[in-house]
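Student: I'd like a close look at one part of this model rather than a tour of everything. Could you pick one helix, go through it properly, and then show me how the rest of the chain fits around it?

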Amino acid sequence: MFWVLLLFLAWAFAGTACARLCLAAVRTDASDTPDAPGTPTVAERDLTLYEAAFLSGGPRRVADVALVSMARQRRLLLAHTGWATVVDPRGRDEIEQSVIGAIGPGGQSRIAPVRTRAADTEAVRRLADGLVHAGLAVPECSGTVASALRQVRAAALAVAAFGITALLLPGDTGTPRPLVGAWFALPLILTLSSLAIARFEVHPYSPWASPAGQRLLRALTGRPAGDERSFLTSVAVRGIRAIGEPELRAAFTDRDQPLRE
């Protein structure tokens, strides 16, 4: 009857993950209610480029926007080979100063480690804390819908693995194998149906932006394009894939991967 133990584990994984998803969805819905107690009131305001970048893609996207902005102003050279070279060592804000510091005293470094180091600086952490305090970003390590969905997906895979293992057990289990498979199908249906419901009920979900932050991001995407700020805003919201310049985009090829989604 070893398969019963596997079934218990399957239900434990599925039930815990689905319960966390439900709680995360309820908390998200409550935080999006204007009259919710303890919820900070978010006034309508314009997001800065760095704020839009963080809410769209997290700390690394902030570093990307700073790199692209400095490259467009010829204060930083981004080679298609993936190297960054400092031309003007004077950063115009603390994020740019963090990027220059991440490149190092030699004034040259590969772009990939620069993005990683710049994303982990105190300036980016202060930016994140300010957005969380304003109610536009979700707190780090909180039970977000995105993280709960990852747990449900992992639970679905675990249930499938437990079920296959139970069906492949040698010898007579004492229970017809079709019935064993049917028992494991129940927690699998639970996880898959939870994912399907979440897809329609709580989508879009973000590991970075709160519902209020997502509304401000949607307002950004509806603005007319054409000038330099619009270009940088597109990079902030969509990432490196928004760059149309082949040489500049080549510097980031295959490196536009976010930390939580």
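Tutor: Sure, let's take helix H10, which covers residues 228-238. Its buried residues are Ser230, Phe231, Leu232, Thr233, Val235 and Ala236. Keep Phe231 in view, since Arg72 lies over the face of that ring, at 3.9 Å from the ring centre. Just after H10 comes Gly239, and this glycine takes a positive phi of about 90°.

Before going further, remember that this is a predicted model, so a word on confidence. The mean pLDDT of the chain is 82, with 83% of the residues at 70 or more. Among the elements, helix H4 (residues 94-103) has the highest mean pLDDT, 94, while helix H9 (residues 211-221) has the lowest, 81.

Two stretches call for more care. Over residues 35-43 pLDDT stays under 50, and the model has 10 contacts there beyond four places in sequence. Residues 254-261 also stay under 50, with 25 such contacts in the model. Where pLDDT is low, the predicted coordinates shouldn't be read in detail.

Now for the aromatic rings. A search of the whole structure turns up 2 aromatic pairs. In one of them, the rings of Phe54 and Trp208 have their centres 5.6 Å apart and their planes at 65°, so that pair counts as edge-to-face. Phe54 sits in helix H2 (residues 49-57) and Trp208 in the loop between helix H8 (177-201) and H9, so the pair ties together parts that are 154 residues apart in sequence. Phe54 and Trp208 are both buried.

Zooming out, the chain has 11 helices and 3 strands. Reading from the N terminus, the elements go α-α-α-β-β-α-β-α-α-α-α-α-α-α. Of the 261 residues, 45% count as buried. If you take the contacts in the chain with a separation of 6 or more, 71% of them come from residues 24 or more positions apart. As for the outside, the accessible surface of the chain comes to about 14,000 Å², and carbon and sulfur atoms make up 61% of that.

So, back where we started: if you reopen the view on H10, begin with the ring of Phe231 and the Arg72 over its face, then follow the helix out to Gly239 and its positive phi. After that, swing over to Phe54 and Trp208 for the edge-to-face pair.

Notes:
Residues are numbered from 1 along each chain as its sequence is written. This is a predicted model: local features need pLDDT of at least 70, side-chain atom pairs count only at pLDDT 80 or more; totals for chains, interfaces and linings use all residues. Side-chain values use heavy atoms; hydrogens and water are left out. Buried means under 20% relative accessible area, exposed over 50%, partly exposed in between (1.4 Å probe, protein chains only). Helices (H or I, at least four residues) and strands (E, at least two) are DSSP runs, numbered from the N terminus. Contact means heavy atoms within 4.5 Å. Accessible areas come from the Shrake-Rupley method with a 1.4 Å probe; for residues, only the protein chains shown count as cover. pLDDT is the predictor's confidence in each residue, from 0 to 100. Rings of Phe, Tyr and Trp (its six-membered ring) pair if their centres lie within 6.5 Å; planes under 30 degrees apart count as stacked, over 60 as edge-to-face and the rest as tilted. A charge sits over a ring if NZ of Lys or CZ of Arg is within 6 Å of the ring centre and within 35 degrees of the ring normal.
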